[in-house]
Amino acid sequence: MTIPLPALQPGLWAASSMIAAIVLASTAGEVLTAAAMKSIGDLDEIRAHSGLKGAIRAVLTCPLFFAGVGFLALAFFSLLYSLNHLPVSLVAPASASLTLVTNAIAAKLFLHENVDRRRWASAVLVCIGVYLLAH
Amino acid sequence: MTSMPPIALDHPATLIAAVFTPWIVLGIALLIGYFASYLTALSWADLTFVMPAAGLGNVVIALLSRYWLHESISPERWAGIVLITVGVGFVAQGPSLTERPAQGKELTQ
């Protein structure tokens with residue numbers, strides 16, 4: 001008979017740091033990507049003028065876009081890493097819902113978006129909803 | 001990912017190898033389609049408009065698993081579905097893009 005090895009459960013600090021890493025990287029990525037897309041302009045209009053290839057070229061020649069994608073990739077690998085150590089029922093809802101709120105704060109600070117009461121309310125509602133749904 | 005042996009930070013190559021697992025390849029292909037649509041939305045709308053709206057995808061997943069896969073949904077999850085729907089309805093009521101005053105106007109204000 002084999003005795004199963006006790007699973008190494010990361011402590012509270014380790015778990016929080018893994019989730020914080022995902023949230024920080026994905027917020028930085030989202031904000032940089034949003035800034036890049038705003039600097040490029042309406043993709044539908046670009047596609048109407050210069051076709052799908054032109055639209056793809058417009059995105060792929062924007063350095064800010066690659067900065068954003070770099071952080072999003074970092075967030076993705078932090079997610080894979082943490083899923084290897086923590087249960088998905090903790091990581092998925094925690095990172096998805098926290099990211100909504102940190103993004104609202106970052107969009108107000110860095111993108112100067114008009115985050116009014118309606119948008120705060122909706123960010124918080126979707127945040128709680130995602131947590132309940134994914135938990 | 002949990003079906004794999006634990007990955008240590010001092011062996012980052014194992015994390016790269018995980019990318020070439022068939023299921024992860026399929027997931028990445030679908031994520032590219034999602035990302036293209038997401039970028040197009042971000043080119044004409046605010047991040048704080050697009051992000052909550054994209055949360056509606058969670059509701060679609062939950063409803064698909066209920067009516068297609070016949071999974072049961074707990075009252076807690078129904079509450080989550082209602083909250084996301086209300087939240088998206090909230091943000092959709094407002095403008096999709098922050099109005100930026102034209103530069104000339106900004107000086108006179």
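**Notebook: chain A and its contact with chain B**

I started at the N terminus of chain A and read off its elements in order: α-α-α-α-α. That comes to 5 helices and 0 strands, where helices (H or I, at least four residues) and strands (E, at least two) are DSSP runs numbered from the N terminus.

A note to self on the source: this is a predicted model, so local features need pLDDT of at least 70 and side-chain atom pairs count only at pLDDT 80 or more, while totals for chains, interfaces and linings use all residues. Residues are numbered from 1 along each chain as its sequence is written, and chains are lettered from A, ligands numbered from 1, in the order in which they are written.

Next I checked the overall form. The C-alpha trace of chain A spans about 70 × 35 × 25 Å along its principal axes.

Then I looked up burial. I found that 41% of the 135 residues of chain A count as buried (20 or more other C-beta atoms within 10 Å of the residue's own, with C-beta atoms placed from the backbone).

Last, I turned to chain B. How many residues does each chain bring to the contact? Chain A puts in 39 residues and chain B 35 residues; a contact here is two residues with C-beta atoms, placed from the backbone, within 7 Å. On the chain A side, α5(A) gives the most, with 13 residues. I sorted that side by class and got 24 nonpolar, 8 polar and 7 charged residues. For the classes, Ala, Val, Leu, Ile, Met, Phe, Trp, Tyr, Cys and Pro count as nonpolar, Asp, Glu, Lys and Arg as charged, and the others, Gly among them, as polar.

Terms used:
A residue is buried if 20 or more other C-beta atoms lie within 10 Å of its own, exposed if 12 or fewer, and partly exposed in between; C-beta atoms are placed from the backbone.
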